[in-house]
Amino acid sequence: KGGEGHEAPDLTDTVIFASVNNLKPSVTLISLTRDIWIPELRAKLNSTYYWGNQRQKGGGLILAKATVEKIVGTHVHYVVVVDFSGFKNIIDTLGGIEIEVERTFRDEKYPIPGRENDDCGGSDPEFLCRYETIQFEAGEQLMDGEIALKFARSRNAEGDEGTDFARAARQQKVVAGIRTKALSREIIMNPKKVFSVLSAAQESVETDIDPHAFAILLRRIIDSRDNIFSKVLPEEFLENPPVSPRYDNLYVFIPKIDPSVESGHEWDKIHEWVECVLENGKCN
């Protein structure tokens, strides 16, 4: 989430469902586009954490879990929320991460934190002073926390990299980069570095994982370091309806369904795909 100092600090910029296999050492990560429309809330997936907190203290974790369960069709035991400052600090504490940039792209409207409401002196109708231009060249790069955050958050690039699905794929690359570096011998064989990384995480992480469960999960993730699989919920299962009052005039995605499908079964195809991915990882 954006966290303190950002506009709409409790909107979740990235949503990833993670499954840790208890039978064999493996972890599966599935990115969910933040713009999925949730009819019961009349809101998008990225705002469920915010609305849950508005209802009750700690409600953000509860509502986020329940909503993701509805989409993926399987139980969610725990949730972890990290704000941008923590994201950057973790990467910087690791000493940066290696990312393979698939294709060159340029974003001329990357938002500058703290300038969301800048009137640009009243002389710029497009409010360009609120943005900076960022560019990434194809190829492997060592990224610090600030650069990795921009790589993961960029959403206004021209061409293929300007889609929510490309953005989700980039976020998976960053998660993979963190994972690879955190589980490297350079880190795990250095107790002082491990402590520094955990301290950086604790400063800006909210979770309902108790210490005992955390120790077990950490052990299983370490054992799975060579068997971690990443997926993005395929675009073929979603459709982007016209902007209309039905969706509060927002840009959203809804499940793509056959008109003959009964009400209450809109997510069935996605549930089947998620189940297939978790069983064998070979689903398209």
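Me: What makes Cys120 count as buried?
Reply: Its relative accessibility is 14%. Buried means under 20% relative accessible area, exposed means over 50%, and partly exposed is in between (1.4 Å probe, protein chains only). With 14% under the 20% cut-off, Cys120 lands in the buried class. Before we go on: this is a predicted model, where local features need pLDDT of at least 70, side-chain atom pairs count only at pLDDT 80 or more, and totals for chains, interfaces and linings use all residues. Residues are numbered from 1 along each chain as its sequence is written, and side-chain values use heavy atoms, leaving out hydrogens and water.

Me: What is the phi of Cys120, and where is that residue found?
Reply: Phi is positive there, about 55°, although Cys120 is not a glycine. Most residues other than glycine have a negative phi. Cys120 belongs to the loop between S7 and strand S8 (131-136); helices (H or I, at least four residues) and strands (E, at least two) are DSSP runs, numbered from the N terminus. Asn249 also has a positive phi without being a glycine, at about 60°, and its place is in the loop between strand S12 (238-239) and strand S13 (254-255).

Me: Why are H3 and H4 called oblique to each other?
Reply: Start with the geometry: H3 (residues 84-94) and H4 (residues 145-153) pack at an angle of about 125°, and their axes are 8 Å apart. Axes are lines fitted to C-alpha atoms, for helices over the stretch in contact, and angles run from 0 to 180 degrees between N-to-C directions. Under 35 degrees is roughly parallel, over 145 roughly antiparallel, 65 to 115 roughly perpendicular, and the rest oblique. An angle of about 125° fits none of the named ranges, so this pair is oblique.

Me: Which residues make that contact of H3 with H4, and how do they divide by class?
Reply: On H3 they are Phe84, Phe87, Lys88, Ile91 and Asp92, and on H4 they are Gly145, Glu146, Ala148, Leu149 and Arg153 (contact means heavy atoms within 4.5 Å). By class there are five nonpolar, one polar and four charged. Here Ala, Val, Leu, Ile, Met, Phe, Trp, Tyr, Cys and Pro are nonpolar, Asp, Glu, Lys and Arg charged, and the others, Gly among them, polar. So Gly145 is the polar one.

Me: What makes H3 roughly antiparallel to H7?
Reply: The angle between H3 and helix H7 (residues 191-202) is about 170°, with the axes 8 Å apart. That angle is over the antiparallel cut-off, so the label follows. Asn89, Ile90, Thr93 and Leu94 of H3 meet Lys193, Ser196, Val197, Ala200 and Ala201 of H7. Their classes come out as five nonpolar, three polar and one charged.

Me: And why is H1 called oblique to H2?
Reply: The axes of H1 (residues 48-55) and H2 (residues 59-72) cross at roughly 135° and come within 6 Å. Since 135° is in none of the parallel, antiparallel or perpendicular ranges, H1 is oblique to H2.

Me: How do you know that Arg153 and Asp13 form a salt bridge?
Reply: Their N-to-O distance is 3.3 Å. A salt bridge is a side-chain nitrogen of Lys or Arg within 4 Å of a carboxyl oxygen of Asp or Glu, so the pair qualifies. The partners are 140 residues apart, with Arg153 in helix H4 and Asp13 in the segment before strand S1 (15-20). Both Arg153 and Asp13 are buried. The structure holds 18 salt bridges.

Me: What about Asp35 with Lys44: what N to O distance goes with that salt bridge?
Reply: The closest N and O atoms are 2.7 Å apart. Asp35 and Lys44 are both buried.

Me: Why is Arg103 called partly exposed, and what makes Glu161 buried?
Reply: These two side chains meet in a salt bridge at 2.8 Å, N to O. Arg103 sits in the loop between strand S6 (97-101) and strand S7 (105-111), while Glu161 is in the loop between H4 and helix H5 (164-182), 58 residues apart. Arg103 has 31% relative accessibility, which puts it in the partly exposed class. Glu161 has a relative accessible area of 6%, so it is buried.

Me: What makes Arg170 buried?
Reply: Its relative accessible area is 3%, so the buried label applies. Arg170 lies in helix H5. Leaving aside neighbours within four places in sequence, its contacts are Phe105, Phe151, Ala152, Ser154, Arg155 and Glu161.
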